[in-house]
Amino acid sequence: MAVAHWLVLFVTVIVVSNMRDVNGALPAATLEAIAKANVNGPYIGIVIPNLFEMGPLLNSSSYSAAEIIDFSGRRFRFGTVEERKVILVMTGLGVINAAITTQLLLSFFNVEGVIHYGIARNANPDLHIGDVAIPQYWAHTGLWNWQRYGQGPEDELALESNGDYTRTLGHLRFANYTTNVTGCASHDNLLNSIWYQPEEVFPVTGTPEERQHEFWVPVGSTYFAVAKKLEGLKLEPCVTTCLNYTPSVSIVERGISASIYLDNSAYRSFIYDKFNVSPVDMESASVALICYQQSTPFIAIRALSDLAGGGSAESNEADTFADLASDNAVTVVVEFIKQLSSRNSL
């Protein structure tokens with residue numbers, strides 16, 4: 001077995017060294033460190049948006065740190081969580097950063113699956129601040145076809161006949177949200193409507209350059225089965241400020257992402273009514289789409305820090321409860337890894 005491992009290491013070093021000769025992107029020492037780390041895999045990749053969300057895991061007694069490999073502006077932290085080998089990496093804010101980081105993780109390292117966690121806004125009136133939501137499906141709702149003024153739902157979108165765009169997912173008509181209108185029976189808005197669009201994806205199992213379209217991307221079936229065991233798990237109600245109830249874990253149908261910080265009650269209500277979503281964030285759908293294209297198991301665990309604009313105009317719940325939500329997210333991640341390890345040992 002040791003001979004086989006060193007053979008894999010030798011071949012990997014040659015391959016990645018040749019990559020460096022072509023593009024000069026990574027130093028030879030970094031490529032060698034990556035190759036050596038991969039021999040010790042596979043790992044669970046844990047993808048985290050920001051340092052304040054990573055902090056509770058780094059400080060957890062369940063986490064044991066090992067080496068660090070830095071490249072491409074990212075820091076890949078190796079260690080164990082509940083004795084399972086993991087790689088922690090921070091993405092930065094938004095769907096682009098999340099996609100780039102996840103692709104780097106899966107392209108360079110021996111990863112068996114991905115856990116993504118962090119805080120999120122809550123669009124579901126049945127859930128509460130401090131709860132942790134684990135959706136079965138994720139969608140990117142930031143890809144739009146913005147329809148020109150004067151056209152309506154019956155009018156074909158530009159490039160729709162080519163298969164580039166579609167009206168199947170529905171639209172948001174801005175005039176429906178006009179206020180303080182007097183003296184007229186109807187009203188309009190020059191912004192007209194936006195139509196939600198699925199992403200183009202190119203799975204590794206497909207034909208290169210032959211696109212598919214996906215909107216609701218499922219999490220890994222095995223990971224979701226493990227996550228369902230956590231439903232109802234009681235969580236902490238206090239950090240510096242206490243809630244007057246005990247938060248818990250909820251398994252939900254859908255979550256959405258876009259590079260938009262949602263703090264608007266009208267859009268919160270619209271997006272819930274339109275798509276039946278619970279957590280709303282800025283990264284998870286990107287991680288889901290990359291993992292889907294790379295045929296890698298994935299799950300996202302999001303703790304609810306605020307009401308996405310559903311609270312009072314004077315409140316900013318995220319400022320108050322972000323730390324509590326981050327702690328609760330980490331609690332659920334650790335418990336998920338425990339359950340996953342228990343399942344794998346059967």
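Biologist: How many helices and strands does the chain have?
Modeller: This is a predicted model, in which local features need pLDDT of at least 70 and side-chain atom pairs count only at pLDDT 80 or more, while totals for chains, interfaces and linings use all residues. Residues are numbered from 1 along each chain as its sequence is written, and side-chain values use heavy atoms, with hydrogens and water left out. Helices (H or I, at least four residues) and strands (E, at least two) are DSSP runs, numbered from the N terminus. On that basis the chain has 8 helices and 15 strands.

Biologist: What pLDDT does the chain average, and over which residues is the pLDDT below 50?
Modeller: pLDDT is the predictor's confidence in each residue, from 0 to 100. The chain averages 90, and 90% of the residues score at least 70. One stretch has a pLDDT below 50, with 16 contacts (heavy atoms within 4.5 Å) beyond near neighbours in sequence in the model. That stretch is residues 1–22.

Biologist: What percentage of the residues in the chain is buried?
Modeller: Buried means under 20% relative accessible area, exposed over 50%, and partly exposed in between, with a 1.4 Å probe and protein chains only. Of the 346 residues in the chain, the buried ones make up 49%.

Biologist: Among contacts between residues at least 6 apart in sequence, what percentage joins residues at least 24 apart?
Modeller: The count takes contacts in the chain between residues at least 6 apart in sequence. Of these, the share that joins residues at least 24 apart is 73%.

Biologist: At what angle do helix 4 and helix 7 pack?
Modeller: Two packed helices are described by the angle between their axes and the distance between the axes. Axes are lines fitted to C-alpha atoms, for helices over the stretch in contact, and angles run from 0 to 180 degrees between N-to-C directions. Helix 4 spans residues 95–108 and helix 7 residues 284–293, with their axes 8 Å apart. The packing angle is about 35 degrees.

Biologist: Is the crossing of helix 4 and helix 7 left-handed or right-handed?
Modeller: A crossing is left-handed if the near helix is turned anticlockwise from the far one by less than a right angle, and right-handed if clockwise. The passage of helix 4 by helix 7 is right-handed.

Biologist: Which residues of helix 7 make the contact with helix 4?
Modeller: From helix 4, the contact takes in Val 95, Ala 98, Ala 99, Thr 102, Gln 103 and Leu 106. By class it has 7 nonpolar, 3 polar and no charged residues, where Ala, Val, Leu, Ile, Met, Phe, Trp, Tyr, Cys and Pro count as nonpolar, Asp, Glu, Lys and Arg as charged, and the others, Gly among them, as polar. Helix 7 contributes Ser 286, Val 287, Ile 290 and Cys 291.

Biologist: How many residues of helix 7 are buried?
Modeller: The buried residues of helix 7 include Ser 284, Leu 289 and Gln 293. Cys 291 is buried too, with a relative accessible area of 1%. Helix 7 is mostly covered, and its buried count out of 10 residues is 9.

Biologist: Which cysteines form the disulfide?
Modeller: A disulfide is a pair of cysteine sulfur atoms within 2.5 Å, and the structure holds 1. The torsion about its S-S bond is about 120 degrees, so the disulfide is right-handed. With sulfur atoms 1.9 Å apart, the pair is Cys 238 and Cys 242.

Biologist: Where is the cis peptide bond that has an omega of about 5 degrees?
Modeller: The proline of this bond is in the loop between helix 2 (28–39) and strand 1 (43–48). The bond joins Gly 41 and Pro 42.

Biologist: Is Glu 83 buried or exposed?
Modeller: Glu 83 is in the loop between strand 3 and strand 4, and has a positive phi of about 70 degrees although it is not a glycine. Glu 82, in that loop, has a positive phi of about 50 degrees and is partly exposed, with a relative accessible area of 29%. At 75% relative accessibility, Glu 83 counts as exposed.

Biologist: Which residues is Ser 326 in contact with, leaving aside its neighbours within four places in sequence?
Modeller: Ser 326 is in helix 8 (residues 317–345). At 2% relative accessibility it counts as buried. Its contacts, those neighbours aside, are Phe 52, Glu 53, Pro 56 and Ile 119.
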